[in-house]
Number of protein chains: 2
Amino acid sequence: MKDTIRLDADDNVVTATRALEAGTSIEDVATTGLIPSGHKIATRAIGKGEQIRKYAQMIGVASTDIAAGDHVHTQNCDFVPTAQDYEFGTDMRPVTPATGDAFMGYRRENGSVGTRNYIAIVTSVNCSATAARRISDHFTPERLKDFPNVDGVCAFVHGTGCGMAGDGDGFEALQRVMWGYAKHPNHAGVLMVGLGCEMNQIDWLLDAYGLKQDESFQVMNIQGVAGLQKTIDLGIKKVEAMLPIANQATRSECPVSELKVALQCGGSDAWSGVTANPALGYACDLLAAQGGTGVLAETPEIYGAEHLLTRRAVSSEVGQKLIGMIEWWKDYTERNRGSMDNNPSPGNKKGGLTTILEKSLGAAAKGGTSPLTGVYKYAEPVTAKGFTFMDSPGYDPASVTGQIAGGCQVVVFTTGRGSAFGSKPSPTIKVSTNTEMYTRMTDDMDVNAGDMLTAGVSLEEKGREIYDLILRVASGEVSKSEAQGLGDFEFVPWQIGAVM
Amino acid sequence: MKDTIRLDADDNVVTATRALEAGTSIEDVATTGLIPSGHKIATRAIGKGEQIRKYAQMIGVASTDIAAGDHVHTQNCDFVPTAQDYEFGTDMRPVTPATGDAFMGYRRENGSVGTRNYIAIVTSVNCSATAARRISDHFTPERLKDFPNVDGVCAFVHGTGCGMAGDGDGFEALQRVMWGYAKHPNHAGVLMVGLGCEMNQIDWLLDAYGLKQDESFQVMNIQGVAGLQKTIDLGIKKVEAMLPIANQATRSECPVSELKVALQCGGSDAWSGVTANPALGYACDLLAAQGGTGVLAETPEIYGAEHLLTRRAVSSEVGQKLIGMIEWWKDYTERNRGSMDNNPSPGNKKGGLTTILEKSLGAAAKGGTSPLTGVYKYAEPVTAKGFTFMDSPGYDPASVTGQIAGGCQVVVFTTGRGSAFGSKPSPTIKVSTNTEMYTRMTDDMDVNAGDMLTAGVSLEEKGREIYDLILRVASGEVSKSEAQGLGDFEFVPWQIGAVM
Ligand SMILES: [Ca+2]
Ligand SMILES: [Ca+2]
Ligand SMILES: [Ca+2]
Ligand SMILES: [Ca+2]
Ligand SMILES: [Ca+2]
């Protein structure tokens, strides 16, 4: 393993692959101080105001004169947003179509395909959280033993649903989440539970989306049923009636074009953009070639790199949608007295990421190189095939909740610092960006992309490994986070407006 | 029971105590249409633009000409905010001090007094939610049987903690919540669990508040411990070490001046402001007379009635704090494209509450008539004795989370539509505003204030009943929601800023 990585010949910084003492020889220079692993070193003098370049792109501007060999980080590198001349479709790399790859999925009556077979208890408001949990807790493995094709009964509870405006972005996002979970192909049956007087009315949802109750889709309110215990008892009965029907589902061979995969990262480090994210991007390209779908999200995390995505947009309409979201986000963060530059998190910074732009270039790498075929609102059903984008915050549970609501049946999550994330009803595959963390958190990590640094594994090999695992997990292989039962407490609808 | 209630001789509306057919004789007039129970009837003609008066206060303005006998509701009554000339201390009704009332509490080393004896797992971020739940789930009644003085091990998990600004209102509120739960007198031991790379760093909290780890206060991060399962295993060991110490706590007689009681309402109806809220206000006055503390909250729900509270403020400084909060809220809701007039909820409206002002007058009645001795930020430690106010949203779980973080050891929650709310570590007493709902949801309701209408029970009797129950519950009597085990999923820190 070399001491540093150079990502492009024109870059004026390189990245340390391990902690380097002061005076270590790097290319033509010597380090002027201790460089933590994953952090950047200037390979030539950079004057105040000059661009700092990595990935052959500007990641920031020198806030003071930087000497060759200096540690480059927040103390001498600032993020400066620049005016963008957006281009649409100027960097199209058409996918070479491929066919024949398949997975074993649950084909539903409406034609959609599930990768799991759950019964879901979906709540409209925090006030029905305990009721929903009690109903799902009733269905122990012992009580489910006669229903071997049912993966479980899970409760989706959250902290919002009332004390909010009854229209606007936040309300609509929450209703889309509820609808997305209600009709998710990984759900064989759905029971919605509300309190009755909440702002997020279940009845409004049924009206707005034309949902009708049937044997596998039921709704109820605590106030209507007359209390917590009666609601729990009735809910258990309703789920019991769904179990035999759900148990009739079986897996059959389905083309990869039926797969929607959530592309996600969390607890990123300096290796995210070098190992795991490009490898996931390669897997996304393989998926797109088969007519499958990859769903990139986390708008604040691609902020500053959106001009690279619009060049891949299949139409200016698709590209403009993305730009519109970036504008919305600038306004949203300003209105809330934040800033799009408020990221990276303390953990990111510790890991060596200096600016949101540096992080964004690395985050966007999860999306591979295929054309951008569709851009979606948070939790909106994803209908385009190929590489797509969904608006969401970067915050992992909120972002994945939107991706799953949009129809994703598998989640792939890259992490450098080490996340213990998992999700239901769609399982999460976790990819470590570095070998050290993979070794330390081996119970939690499915794939080590750190071996791209430590063992010379190629991007193509690692991307293929992730792609193959996606197909196996889609077919029922249990991921690490799934084996640990994660996903019961990670349902977090994005809360946008004021809590009142 | 009379067909209607008149709250003041000068009011131009009365409230129907049951559904009334068109043509029913009301005072001097006949109803012009069906009047649902709890809804208002004009007792004289009210011209467009004239004030609608209830509680001897303006609750709105006629948006069209209203005939005597007409149903008065959203179709003909608008909320119009008016400029307020605030007065401070002009309506002081000094409390006649009383002493001698006591309860059996857990006196802690630092002098604070608990009403319960829990061990708490407090999370910094959603990413440690499953770890915290698994630790608390390990401590089944069977595993706790040797520790009879310990009420349980509870996990406080939530949907926020990262993807947020690392300063400002939202961040500070979350850190106050964590601090408040860490030092709550109902906790004999506290284990804080984080992921490691989140914005809401546990280390920052320890630094900011000078918290030191000891045998009963421990912190850990999943990334530091190296994975989910190792974190769970270590957490179980840490709690096991706390149990024998926690079990040594015993109850002793403590004066009521040690009690802080959260005053809360949710799922209000037209009776809230007539029965349960004034009765709770009377109980609050009894508490204040003994040197105890009542904590009113829910700033949006007293909006429009704040001028009545400032007249009771012990100083203009205390009153100005409240006005400052109202101004903050106007800005907060405007920035988020909402409005302070966005309340009441659909359930409130169905129950007959037309405007936020009408609801506010009824909500403020929970605070009784004693002087306002202190005004606090959300989740800030409440130190004044007597009647106090804490800034919070109206949304029940977020508001109660702030009140408990501020030190409340008991919660009293009035509800008209019927709520199944419960809380930990401080138990919730629920008071029904009407006999019909009390009878229907008897498993969930501790007190029926509806009998003030249906059985002529006086305000003083009902207030005394609530006060006595507060003391018994503080001493260990189990409330209805507590018996049902509620409170594990109702911890909802107020999320203020943008989710990024
Ligand atoms: Ca991320
Ligand atoms: Ca993130
Ligand atoms: Ca993320
Ligand atoms: Ca309320
Ligand atoms: Ca409330």
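These legends describe close-up views of a predicted model.

Local features need pLDDT of at least 70, side-chain atom pairs count only at pLDDT 80 or more, and totals for chains, interfaces and linings use all residues; side-chain values use heavy atoms, with hydrogens and water left out. Residues are numbered from 1 along each chain as its sequence is written, while chains are lettered from A and ligands numbered from 1 in the order in which they are written.

**View 1. Calcium ion (ligand 5) and its donors in chain B.**
Five residues are shown as ligands of the metal: B:Q264 through OE1, B:C265 through O, B:E298 through OE, B:G394 through O and B:D396 through OD, at 2.3 Å. Donors are N, O and S atoms within 2.8 Å of the metal, or 3.2 Å for Na, K and Ca; water is not among the atoms, so sites may look incomplete. Along the sequence the donor residues of this calcium ion (ligand 5) read Q-C-x32-E-x95-G-x1-D. B:C265 bridges to a second calcium ion (ligand 4), and the two ions lie 3.2 Å apart. B:E298 sits in the loop between β18 (293–296) and α7 (299–302) of chain B, and B:D396 in helix α12 (residues 396–405) of chain B, so the pair ties together parts 98 residues apart in sequence. Helices (H or I, at least four residues) and strands (E, at least two) are DSSP runs, numbered from the N terminus. B:E298 and B:D396 are both buried. Buried means under 20% relative accessible area, exposed over 50%, and partly exposed in between (1.4 Å probe, protein chains only).

**View 2. Calcium ion (ligand 3) and its donors in chain A.**
The protein donors are A:Q264 (OE1), A:C265 (O), A:E298 (OE), A:G394 (O) and A:D396 (OD). They lie 2.2 to 2.3 Å from the calcium ion (ligand 3). Their spacing along the chain is Q-C-x32-E-x95-G-x1-D. A:C265 bridges this ion and the calcium ion (ligand 1), with 3.3 Å between the two. A:C265 belongs to strand β17 (residues 260–265) of chain A and A:D396 to helix α12 (residues 396–405) of chain A, so the pair links parts that are 131 residues apart in sequence. Both A:C265 and A:D396 are buried.

**View 3. Domain 2 of chain A against domain 3 of chain A.**
Chain A is divided into domain 1 (4–78), domain 2 (118–248) and domain 3 (254–483). These bounds come from an automatic or database domain assignment. The centres of domains 2 and 3 of chain A, taken over C-alpha atoms, are 28 Å apart. In contact are 15 residues of domain 2 and 16 residues of domain 3; contact means heavy atoms within 4.5 Å. The buried area is about 1300 Å², with 61% from carbon and sulfur atoms. Buried area is the accessible area (1.4 Å probe) that two parts lose on being put together, summed over both. Zero salt bridges are found across this interface. A salt bridge is a side-chain nitrogen of Lys or Arg within 4 Å of a carboxyl oxygen of Asp or Glu. Six residue pairs are in polar contact (both at pLDDT 80 or more). A polar contact is a pair of N or O atoms within 3.5 Å; within protein, one must be able to donate a hydrogen and the other to accept it, and residues adjacent in sequence count only if both atoms are side-chain atoms. On the domain 2 side, β13 (152–156) and α2 (168–182) of chain A are the elements giving two or more residues. The largest share, seven residues, comes from α2(A).

**View 4. The interface of chain B and chain A.**
Each chain has its own count here: 66 residues from chain B and 66 residues from chain A. About 5500 Å² is buried, and carbon and sulfur atoms give 55% of it. B:Y395, B:F489 and B:M500 lose the most area to chain A within chain B, together 14% of what that side buries. Two salt bridges cross the interface. A:D331 forms a salt bridge with B:R337, the closest N and O atoms being 2.4 Å apart. Polar contacts amount to 32 residue pairs (both at pLDDT 80 or more). Elements giving two or more residues to the chain B side include α1 (129–138), α5 (228–246) and α9 (316–335) of chain B. α9(B) gives the most, with five residues.

**View 5. Helix α1(B) and its surroundings.**
Eight of the 10 residues of α1(B) are buried, so the helix is largely enclosed by the rest of the structure. Among the buried residues are B:A129, B:R133, B:I135 and B:H138. The buried residues pack against β12 (118–123), β13 (152–156), β14 (187–194), β15 (217–221), α4 and α5 of chain B.
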